[in-house]
Amino acid sequence: MFEAAEVGRSLSKKEFDDLEPELHHTLLLLQQQLRQTRHSLIILVSGNERAGKGDLVVRLNRWFDNRDVQTCSYWEESDEEKQRPPMWRFWRDMPARGKICIMFGSWYTQPIGDAVSGSINMAELDQQLARIRDFERALTADDVIIAKLWFHISRTEQQRRLEQDDSHGLIKRTPQSQDFAQYQDQLTSISEHVVRLTDSGVAPWHIIEATDYRYRDFTAGNTIVSRMEPVLNTNNEKQGIDVPVFPGPNLRELQAKKSVNATVLDRVDLEQKLEGKDYSEHLGKLQKKLNQLAWLMHNKKRNAVLVFEGWDAAGKGSALRRITSAIDSRLYQVIPTAAPTDEEKAHHYLWRFWRHLPRAGRLIMYDRSWYGRVLVERVEALAREEEWRRAYAEINSFEDQLLEHGMMLCKFWIHISKDEQIKRFRDREKDIRKQHKITEEDWRNRQKWDDYKLAVNDMVAHTSTTRAPWTLVAGNDKKFARVQILTTVCNGLETVLGK
């Protein structure tokens, strides 16, 4: 989940200096609008130790008119707080209508700390998270805007900063950081679990890469704008108030710069290749193993789900054929997912995927899947923002149910370069056997390449979990991609089958 925030995004000093005044002005305009409504704003500042959360809080207090802003920090409980239920201190600090509260730490801090230390087990943590979800729904239903910011840095960067502080005699650690340092793996795992279970349409998490402080601060401010603006505009429209035209700073203005537009896909090494002889040897061994595992899966009454997503012409079909040619046709089914039918439109978008789930002993492959909600439907504006943001939690819940039932789940995004895609498009146009594969829609989708890259990055950030990770496949070389996919499927089946 957090790998999407380790891709090297940054802003130069000039870029930040050019954009910061516009962002500052926009936040002040939105704050002015907020004062005239029933809404209030809560900004939760959470994330890794030494990610610069404190510096960001200082910046936010400069950007807003701080006469209407209160900053509350939640580390150690006071005696007064210990004598009351845990949520008391947050209710006490709740901002009045028209006001803003920046919460440095939040109602997530204690549950995460307790779970890491072992004071509560995972069932007790989930119970607390369910209560938090209800709490956030109650707040948003009462016109509270919640911006949940999670700041992430890699473990290497975190350690570098801690050592740098120690070498300079600086003590900037929270009371918990000393204890958490020895539990870093647990902390990361539990944090991912918490973010995943509390990521909702009404109160989504925004995971922000915090290695570069200029990118961190600008993205945080821009995210707050994105949370406030639609709510306040809707409020103004309902009341017949002219909607002000906000400058609307946006990172997409800098998409041409790789340092800002970097995504998890940029970390995929597309130079990886397999030569003919090596490919044939690997392919033969893996297909033989897959055939044996498929029959073992059938005999043990287990089942498996494979999800294939990727760019147009990325090689999903050829990869599927290498899997299906290794398995008895009675043991699998391939479900190609196209635009929903009228019957499917009459149901929840997950309905058509639920109904195709395999019976015990079978394997099903989705050629495109439920992730269309957060990819094509998002990019093509076929779903409202609230709908596709809500879908991350819905998809995670759906996949959790598959895993809890004992299914094996593998999710593949096949990545190719833009140059490789155009080459394959032109090859298809020349080959009469493949001309049917290239359509006007493929060319139109290509024009939105950068929008899809950002959507894929967010998809990985919200749905690549410890139990159901995404495999980002290096697809420029089809032979390498097929072997990578077959290896992943075999490994997944071996794990599920206890081999």
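Glu344 is a buried residue in this predicted model, with a relative accessible area of 12%. Its carboxylate is not left without a partner: the side chains of Glu344 and Arg352 meet in a salt bridge, at 3.3 Å from N to O. Arg352 also counts as buried, at 14% relative accessibility. Both ends of this pair therefore fall under the 20% cut-off for burial.

A second pair links Asp400 to Arg467, again through a salt bridge, with an N to O distance of 3.8 Å. Asp400 sits in helix H17, which covers residues 385-404. Arg467, on the other hand, belongs to the loop between helix H20 (449-463) and strand S10 (470-474). The two residues are 67 apart in sequence, so this salt bridge ties together separate parts of the chain. As for accessibility, Asp400 is buried, with a relative accessible area of 14%, whereas Arg467 counts as partly exposed at 42%.

Salt bridges can also chain up through shared partners. One network of this kind takes in Arg35, Asp65, Arg67, Asp68 and Lys99.

Then there is a pair of sequence neighbours, Arg92 and Asp93, whose side chains meet in a salt bridge at 3.2 Å, N to O. Here too the acid is the buried end, Asp93 having a relative accessible area of 11%. Arg92 comes out as partly exposed, at 39% relative accessibility. These pairs are just a sample, as the structure holds 36 salt bridges.

Back at H17, the helix that carries Asp400, there is also some helix packing to look at. The axes of H17 and H20 come within 10 Å and cross at roughly 50°. That angle is above the 35 degrees that would still pass as roughly parallel and below the 65 degrees where roughly perpendicular begins, so the two helices are oblique to each other. The crossing of H17 and H20 is right-handed.

On the H17 side, the contact is made by Tyr392, Ile395, Asn396 and Glu399. H20 brings Asp458, Met459, His462 and Thr463 to the contact. Sorted by character, the residues where H17 meets H20 divide into three nonpolar, three polar and two charged. The nonpolar ones are Tyr392, Ile395 and Met459, and the charged ones are Glu399 and Asp458. Asn396, His462 and Thr463 make up the polar group.

How values were computed:
Residues are numbered from 1 along each chain as its sequence is written. This is a predicted model: local features need pLDDT of at least 70, side-chain atom pairs count only at pLDDT 80 or more; totals for chains, interfaces and linings use all residues. Side-chain values use heavy atoms; hydrogens and water are left out. A salt bridge is a side-chain nitrogen of Lys or Arg within 4 Å of a carboxyl oxygen of Asp or Glu. Buried means under 20% relative accessible area, exposed over 50%, partly exposed in between (1.4 Å probe, protein chains only). Helices (H or I, at least four residues) and strands (E, at least two) are DSSP runs, numbered from the N terminus. Axes are lines fitted to C-alpha atoms, for helices over the stretch in contact, and angles run from 0 to 180 degrees between N-to-C directions. Angles under 35 degrees count as roughly parallel, over 145 as roughly antiparallel, 65 to 115 as roughly perpendicular and the rest as oblique. A crossing is left-handed if the near helix is turned anticlockwise from the far one by less than a right angle, and right-handed if clockwise. Contact means heavy atoms within 4.5 Å.
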